[in-house]
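Could you take me around this protein, one selection at a time? I have the model open in a viewer and would like to know where to click and what to look for at each stop.

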Amino acid sequence: MAAPAAAGDLRFLLVGLLLVVVVGSRLVRPPDGGGIPTTLDGPFEPATRAFDRALRQGSDDVPLTDPRLAPRARPPAPEQSALAASSDATSFWVSWVTGEAQVGSHLTPLDPSTVRSEVWYSERPSPTAAAAGDVSGHYPHVARGKAEVYSQLYPYPGLLNYTSGAIHHVRLRGLRPATRYYYRCGDSSVRGGAGLSGELSFETLPSSAAAAYPRRVAVVGDLGLTGNSTSTVEHLARNDPSLVVVVGDMTYANQYRTTGGRGVPCFSCSFPDAPLRESYQPRWDGWGRLVASTSDAEFKFSSISLFGI
């Protein structure tokens, strides 16, 4: 989707810069070519880079049929896995989606109470035997949470409604700071392990102390779902941050009609007869898949904690 004249300049300015901010560190590589320094190498004087104006042209939205945005798992297997650090270094949130979202005029929402929300985890990776679904013998810890479903409903004829898959949230407690954990999420009651994810992992943040803090923090804003967005996500993952702070404007789903199609830079300009600002919610599902990854993907972005502001 081409960038709007004003707001889009800022959007693609941020994306064009790749938005990897290393707290307290320079954005430039050190002379010895040793890579981007961490916060432990500082403090440093602030440094900036000139904006590449060639990026102002923006890039087109990635279609939902693209492998990076299309469903990677079939129900009842989990997808769109995501992590979020909690209020302290000893707890973590794990989220994912099961079931299929629906778009149409007359929809029946899924019943989230029919599926379990479980996270089985350990400080050691599990042998391949656990892939068949025998998680209890390989993961000594399990945490349970809840699931919910939301619907986007419109009172005007011709506008399509949306109802989501089951969105699961589980909080892990009693974790050790600065420790890597291995986990599988989903529903262990489904036969053959079909309701569980593959093994994923994450590292807890260090405990709060004067000399203990995340070694690298990435900040990204106005990410969207464009060709620039996918390059930015891959760049973020390659730099292995401890956490990613997302400062809003994630999907631009409200640049679409409820029927999908193509997004537009100015909704009111392109659709002056629309009764209200519409939104194509499947773009949110695509965004969830973009920033997640399968357990064997090259870029394990789902092993990084995200903060949304």
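Here is a tour in six stops, from the core outwards to a small sheet.

Before you start, keep in mind that you are looking at a predicted model.

**Stop 1: the main nonpolar core**

Select Val94, Val119, Tyr121, Leu172, Leu175, Tyr183 and Phe202. These residues have the most contacts inside the largest nonpolar core, which has 20 residues. Now colour the strands that feed this core: E1, E2 (92-98), E4 (118-122), E9 (166-172), E10, E11 and E13 each supply at least two of its residues. Then move to a second, separate core of 16 residues, where you can pick out Trp287, Leu290, Ile304 and Leu306, which are among its members. As background, nonpolar side chains in soluble globular proteins tend to be buried together.

**Stop 2: the aromatic rings**

Go back to Tyr183 and Phe202 and show their side chains. How far apart are the ring centres of Tyr183 and Phe202, and at what angle do the planes lie? The centres are 5.7 Å apart and the planes meet at 55 degrees, so this pair counts as tilted. Tyr183 belongs to strand E10 and Phe202 to strand E11, and the two are 19 residues apart along the chain. Both Tyr183 and Phe202 are buried.

Add Phe92, Tyr121 and Tyr181 to the selection: together with Tyr183 and Phe202 they form one aromatic cluster. Across the whole structure, a search finds 7 aromatic pairs.

While you are in this strand, click on Cys185 as well. With a relative accessibility of 1%, Cys185 counts as buried.

**Stop 3: salt bridges across the chain**

Next come the charged side chains. Side chains of opposite charge can pair when their charged atoms come close. How many salt bridges does the structure hold? There are 9.

Begin with Glu79 and Arg289, whose closest N and O atoms are 2.8 Å apart in a salt bridge. Glu79 sits in strand E1 (residues 79-85) and Arg289 in helix H4 (residues 282-290), so to follow this link you cross between parts of the chain 210 residues apart. Are Glu79 and Arg289 buried or exposed? Both of them are buried.

Now select Arg180 and Glu203. Their salt bridge has its closest N and O atoms 3.7 Å apart. Arg180 is in strand E10 (residues 180-186) and Glu203 in strand E11 (residues 200-203), with their positions 23 residues apart in the chain. Arg180 counts as partly exposed at 33% relative accessibility, and Glu203 is partly exposed too, at 38%.

For a group in place of a pair, select Arg116, Glu118, Arg144 and Asp187. Salt bridges with shared partners join these four into one network.

**Stop 4: Arg257 and its two neighbours**

Centre the view on Arg257. Its side chain meets that of Glu278 in a salt bridge, at 2.8 Å from N to O. Glu278 lies in the loop between helix H3 (267-270) and H4, while Arg257 lies in the loop between strand E13 (243-246) and H3, so the bridge ties together parts 21 residues apart in sequence. Glu278 is buried, with a relative accessible area of 1%, whereas Arg257 is partly exposed at 25%.

Keep Arg257 selected and add Phe271. Arg257 lies over the face of the Phe271 ring, at 4.8 Å from the ring centre.

**Stop 5: the disulfide**

Select Cys266 and Cys269. A disulfide joins these two cysteines, with 2.2 Å from S to S, and the structure holds 1 disulfide. In general terms, a disulfide is a covalent bond between the sulfur atoms of two cysteines. Which hand does the link of Cys266 and Cys269 have? With 65 degrees about the S-S bond, it is right-handed. Switch on the surface to see how open each end is: Cys266 is partly exposed at 27% relative accessibility, while Cys269 is exposed at 57%.

**Stop 6: a three-stranded sheet**

Finish by showing strands E3, E8 and E7. These 3 strands form an open, antiparallel sheet in the order E3-E8-E7. Which strands are at the edges? They are E3 (102-104) and E7 (151-152), each of which pairs on one side only. Zoom in on E7 and E8 (residues 161-163), which pair in the antiparallel sense over 2 bridges. For a last click, choose Ser151, whose bridge partner in E8 is Thr163.

Note on methods: Residues are numbered from 1 along each chain as its sequence is written. This is a predicted model: local features need pLDDT of at least 70, side-chain atom pairs count only at pLDDT 80 or more; totals for chains, interfaces and linings use all residues. Side-chain values use heavy atoms; hydrogens and water are left out. Helices (H or I, at least four residues) and strands (E, at least two) are DSSP runs, numbered from the N terminus. Buried means under 20% relative accessible area, exposed over 50%, partly exposed in between (1.4 Å probe, protein chains only). Rings of Phe, Tyr and Trp (its six-membered ring) pair if their centres lie within 6.5 Å; planes under 30 degrees apart count as stacked, over 60 as edge-to-face and the rest as tilted. A charge sits over a ring if NZ of Lys or CZ of Arg is within 6 Å of the ring centre and within 35 degrees of the ring normal. A nonpolar core is a set of buried Ala, Val, Leu, Ile, Met, Phe, Trp, Tyr and Cys residues joined through side-chain atoms within 4.5 Å. A disulfide is a pair of cysteine sulfur atoms within 2.5 Å. Two strands pair if DSSP finds at least two bridges between them.
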